[in-house]
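Colleague: Could you walk me through this one? I would like to go from the overall layout down to single residues.

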Amino acid sequence: MADNKLSGTLRRLPSVEVLLQEPALVAEIERHGHRLVADSSRKVLEKMRRRIKSGVPVPSADLEPARLAALVKEEATGVYKPTLQPLINATGVVVHTNLGRSVLAAEAIKAVDEVAASYSNLEYNLTAGSRGSRHDHITGIITALTGAENALVVNNNAAAVLLALTTFAGGREVVVSRGELIEIGGSFRIPDIMAASGARLVEVGTTNKTRLADYEKGISASTSMLLHVHSSNYKVVGFTAGVAVRELVKLGRKHNLMVMDDLGSGALADLPALADEPSVFESLASGANIITFSGDKLLGGPQAGIVIGDSEAVDLMKAHPMARALRVDKMTLAALQATLALYLKPDEAVARIPTLRMLSGPAADLKPRAEQLAAGLKEALGAAASTSLQQAASRVGGGALPLLELDSWVCALSPASISVDELAARLRKTTPPVIGRIHGGRLLLDVRTILPEQLNETVIALKQALNQGQA
Ligand SMILES: *Cc1c(COP(=O)(O)O)cnc(C)c1O
């Protein structure tokens, strides 16, 4: 009996061919092709068959072809809709590793656009009319800005560290302080990178204290270099001691060893917010032979790993076969070159590079923007949520300056009829999604990281999220 009913229900499902004649799907086929829509139809019908066979009663409305067609469209959309999408960062974390780290300056975006849309002299020397090197496009500006002898750019800073260790320390030993064996996040661990490079790690000192004598004891006939790693994302406070790069360089000279300094963030700008971050210039002045840092952390450019240092050492890295595997493409080169060009005039850099602008914005400048957002929200949301203005602390993020808080202003929201977690979940699904932070039972929207042109979109997204389900 039940079986009869079940097969009756199954028979009510349309065939793929019939389903594809639904007007919504005819239009979908026109836009995205027959194959995708037919495959999606098969998947939806198969799911429905399984649901029916499981014995759970299926409302007959769910079997209507129009309803099934809507499911097919959703399934197909999941394939062609880009999953990587812009969103609004209302967290107040400026260099947010999960949210794409840095927003490029308009100049960098324009440079990418131009080089992507045309052939270019990426590896062509226009003067000689012969093969050129992609490195040549970027070495000049980096050395001009930093004063380093030579420079190289690779895929990211992890790649820069890997390439340096492979080039100089493969099969040999590298002396590093226990307090600097850090994990950066996303499973990037200094010890793992060293193992991958074939370098052998010699840990010296303790987590909170390492002295020059500890390094000296760690040196053997197979030592290739002394490594200093900036512990970007954490700070040991209290009873601590570390060895400055300058001291390591002296020790290195005594034993004829090179010194590498992995800076991580690479602060090139002179901003009050970055006062405690080791700068690229300090590291160079200390005499490190190789220095590595990221292009998209505090620098505010595209994802890249920048290597600066002694001319011969950097040339050896450029010539290593692995450099080819870690090289950057023309869009990265264009974006980085344009970003770095802004640094030639420090005021320009702070005004034009979004990361620097956000890091330098004083709370007093943020207040009017927060007031504008609060007014917009109050008007748009009415009784659906209460909105208040609060002072709060933003963070630098990106594993930089873990203890530093930047005074900021936030809009604090309490939804009237849904939980704050539900509101946050709904905001992850708006177009564009809005990511805030929950604190004290309220959703905080920090204007420091909301781009000025996104203030309006933020209000619209909030309205969408709160009105959901009451249409
Ligand atoms: C962030 C960081 C890295 C890794 O840099 P990516 O650009 O993320 O590859 C390496 N070392 C230090 C000290 C860092 O802070």
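Modeller: Gladly! One term first: contact means heavy atoms within 4.5 Å. With that in hand, Thr 292 touches Asn 157, Ala 160, Val 161, Met 260, Asp 261, Asp 262, Leu 263, Gly 264, Ile 306 and Val 307, not counting residues up to four places away in sequence. Please keep in mind that this is a predicted model.

Colleague: Thanks! Is Thr 292 buried or exposed, and what is its relative accessible area?

Modeller: Thr 292 is placed in strand β12, residues 290-294. Buried means under 20% relative accessible area. Thr 292 is buried, because its relative accessible area is 0%.

Colleague: Stepping back, how far apart do the C-alpha centres of domain 2 and domain 3 lie?

Modeller: The chain is divided into domain 1 (2-79), domain 2 (88-95 + 360-467) and domain 3 (106-352). Its C-alpha atoms fill a box of roughly 90 × 50 × 50 Å along the principal axes. Within that layout, the C-alpha centres of domain 2 and domain 3 are separated by 35 Å.

Colleague: Which residues touch the most other members of the largest nonpolar core, and where does that core lie?

Modeller: The core has 55 residues, and Ile 142, Ile 308, Leu 340 and Tyr 343 touch the most other members. Domain 2 and domain 3 both give residues to this core, so its place is between domain 2 and domain 3.

Colleague: Which residues does Tyr 343 touch, leaving out those up to four places away in sequence?

Modeller: Tyr 343 is one of the four core residues that touch the most other members. With residues up to four places away in sequence left out, its contacts are Leu 145, Leu 268, Ala 269, Leu 298, Leu 299, Ala 349, Ile 353 and Leu 356.

Colleague: Now the helices. At roughly what angle do α6 and α15 cross, and with which hand?

Modeller: Helix α6 covers residues 106-116 and helix α15 residues 330-342, and their axes come within 8 Å. In this contact, Glu 107, Ala 108, Ala 111, Val 112, Val 115 and Ala 116 of α6 meet Lys 330, Met 331, Ala 334, Ala 335, Ala 338, Thr 339 and Leu 342 of α15. These residues divide into 10 nonpolar, one polar and two charged. The axes cross at roughly 150°, and the crossing is right-handed.

Colleague: Pro 302 caught my eye. Is Pro 302 buried or exposed, and what is its relative accessible area?

Modeller: Pro 302 lies in the loop between β12 and β13 (305-309). Leaving aside neighbours within four places in sequence, Pro 302 is in contact with Leu 104, Gly 295, Asp 296, Thr 332, Ala 335, Leu 336 and Thr 339. The cut-off for buried is under 20%. Pro 302 is therefore buried, with a relative accessible area of 9%.

Colleague: Which peptide bond is cis, with omega near -10°?

Modeller: Look at the loop between α19 (420-427) and β16 (434-435), where Pro 432 is found. The cis bond runs to Pro 432 from Thr 431.

Colleague: Arg 101 and Asn 256 are not glycines; what sign and value does phi have in each?

Modeller: Arg 101 sits in the loop between β2 (93-95) and α6, and is partly exposed at 22% relative accessible area. Asn 256 belongs to the loop between α11 (245-255) and β11 (258-264), and is exposed at 72%. For Arg 101, phi is positive, about 60°; for Asn 256, phi is positive, about 60°.

Terms used
Residues are numbered from 1 along each chain as its sequence is written. This is a predicted model: local features need pLDDT of at least 70, side-chain atom pairs count only at pLDDT 80 or more; totals for chains, interfaces and linings use all residues. Side-chain values use heavy atoms; hydrogens and water are left out. A nonpolar core is a set of buried Ala, Val, Leu, Ile, Met, Phe, Trp, Tyr and Cys residues joined through side-chain atoms within 4.5 Å. Buried means under 20% relative accessible area, exposed over 50%, partly exposed in between (1.4 Å probe, protein chains only). Domain bounds come from an automatic or database domain assignment. Helices (H or I, at least four residues) and strands (E, at least two) are DSSP runs, numbered from the N terminus. Axes are lines fitted to C-alpha atoms, for helices over the stretch in contact, and angles run from 0 to 180 degrees between N-to-C directions. A crossing is left-handed if the near helix is turned anticlockwise from the far one by less than a right angle, and right-handed if clockwise. Ala, Val, Leu, Ile, Met, Phe, Trp, Tyr, Cys and Pro count as nonpolar, Asp, Glu, Lys and Arg as charged, and the others, Gly among them, as polar.
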